[in-house]
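Good morning, colleagues. Please take a moment with the sequence and the structure on the screen before I begin.

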Amino acid sequence: MSKPDSNVLIAESEIQQRVGELATQISADYAGKGGLVLVGVLKGAFIFLADLSRRLTIPRVVEFIAVSSYESGSASSGAVRLVMDVRESIEGKHVLVVEDIVDTGHTMHYLMEMLNTRGAASVRACALLQKTGCAQVEVNIDYVGFQIGDKWVVGYGLDYAEQDRTLPDIRVIQPED
Ligand code: IMP
Ligand code: MG
């Protein structure tokens, strides 16, 4: 699975440069706002969140949340279930949900709705990747690293059946490999 380097879609250097740009933009947008709560969505966002959070220049704290999608056959049913919540209250706080990838949008939509009901000062979304043309629900992603096509990608936190999460770059899974 994903042996040849020819499957690389986004090189490590490109990822690092883009993460730096996102951090600069986010730091500017939240400057003087009294701090930011980064909510990383496990497991896929853990590496992106680690790199992004260390490049911010504003006061920030890190939280994690975990969800699972109900599957029906091989396709996601669109129903999302919370399996691990944040540890601290987000009431009155500026919150940025940090995701690895937005595909149908169901996961991010669910999280934005849930966090918004808790009285946060603001809730925005950041995703390293967004698949174009795959949205089933409209959800605005405030910060997007890269737009990609409808293909399954692994690496930099993203997995295929728990494999390939720790690759340094983003690769396309080729079923024939
Ligand atoms: P959505 O709810 O359909 O937007 O799916 C988002 C979630 O599905 C992400 O948080 C990932 O966990 C997973 N996902 C979607 N596409 C990919 C992919 O290409 N590679 C790895 N995980 C993916
Ligand atoms: Mg995920």
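Where does ligand 1 sit? The model before you is a predicted one, and in this model ligand 1 occupies the largest pocket.

Let me begin with the surroundings of the ligand. The shell around ligand 1 consists of 15 residues, and the closest of these are Glu99, Asp103, Thr104, Thr107 and Val153. Which element supplies the largest share of that shell? Strand S5 does, with four residues. Strand S5, spanning 94–102, and helix H3, spanning 106–116, each give at least two residues to the shell. As to chemical character, six residues of the shell are charged, five are nonpolar and four are polar.

I turn now to individual polar contacts of the ligand. The side chain of Thr104 places an N or O atom 2.4 Å from an oxygen atom of ligand 1. For Thr107, an N or O atom of the side chain is 2.5 Å from an oxygen atom of the ligand. Val153 takes part through its backbone: one of its backbone N or O atoms lies 2.7 Å from a nitrogen atom of ligand 1. How much of the accessible area of ligand 1 does the protein cover? On its own, ligand 1 has 490 Å² of accessible area, and the protein covers 85% of it.

Next, the charged pairs within the protein. Side chains of opposite charge can pair when their charged atoms come close. Over the whole structure, the search returns nine salt bridges. One of them is formed by the side chains of Asp29 and Arg124, with an N to O distance of 4.0 Å. This pair connects distant parts of the chain, the two residues being 95 apart. Asp29 belongs to helix H1, residues 12–29, whereas Arg124 belongs to strand S6, residues 122–131.

Finally, I would draw your attention to two points of backbone geometry. Most residues other than glycine have a negative phi, and most peptide bonds are trans. Which two residues are joined by a cis peptide bond? They are Leu42 and Lys43, with omega at about -5 degrees. Lys43 is placed in the loop that runs between strand S2, 36–42, and helix H2, 46–55. The second point concerns Ala161, a residue other than glycine whose phi is positive, near 50 degrees. Ala161 is located in the loop between strand S8, 153–154, and strand S9, 170–172.

Thank you for your attention.

How values were computed:
Residues are numbered from 1 along each chain as its sequence is written. Chains are lettered from A and ligands numbered from 1 in the order in which they are written. This is a predicted model: local features need pLDDT of at least 70, side-chain atom pairs count only at pLDDT 80 or more; totals for chains, interfaces and linings use all residues. Side-chain values use heavy atoms; hydrogens and water are left out. A residue is near a molecule or strand if one of its heavy atoms lies within 4 Å of it. A polar contact is a pair of N or O atoms within 3.5 Å; within protein, one must be able to donate a hydrogen and the other to accept it, and residues adjacent in sequence count only if both atoms are side-chain atoms. Accessible areas come from the Shrake-Rupley method with a 1.4 Å probe; for residues, only the protein chains shown count as cover. On a 1 Å grid over the protein atoms alone, a cavity is a set of points where a 1.4 Å probe fits but cannot get out, and a pocket is an open set with protein on both sides within 12 Å along at least five of seven lines; lining residues have an atom within 4 Å of a point. A molecule sits in a cavity or pocket if more than half of its atoms lie within 2 Å of its grid points. Ala, Val, Leu, Ile, Met, Phe, Trp, Tyr, Cys and Pro count as nonpolar, Asp, Glu, Lys and Arg as charged, and the others, Gly among them, as polar.
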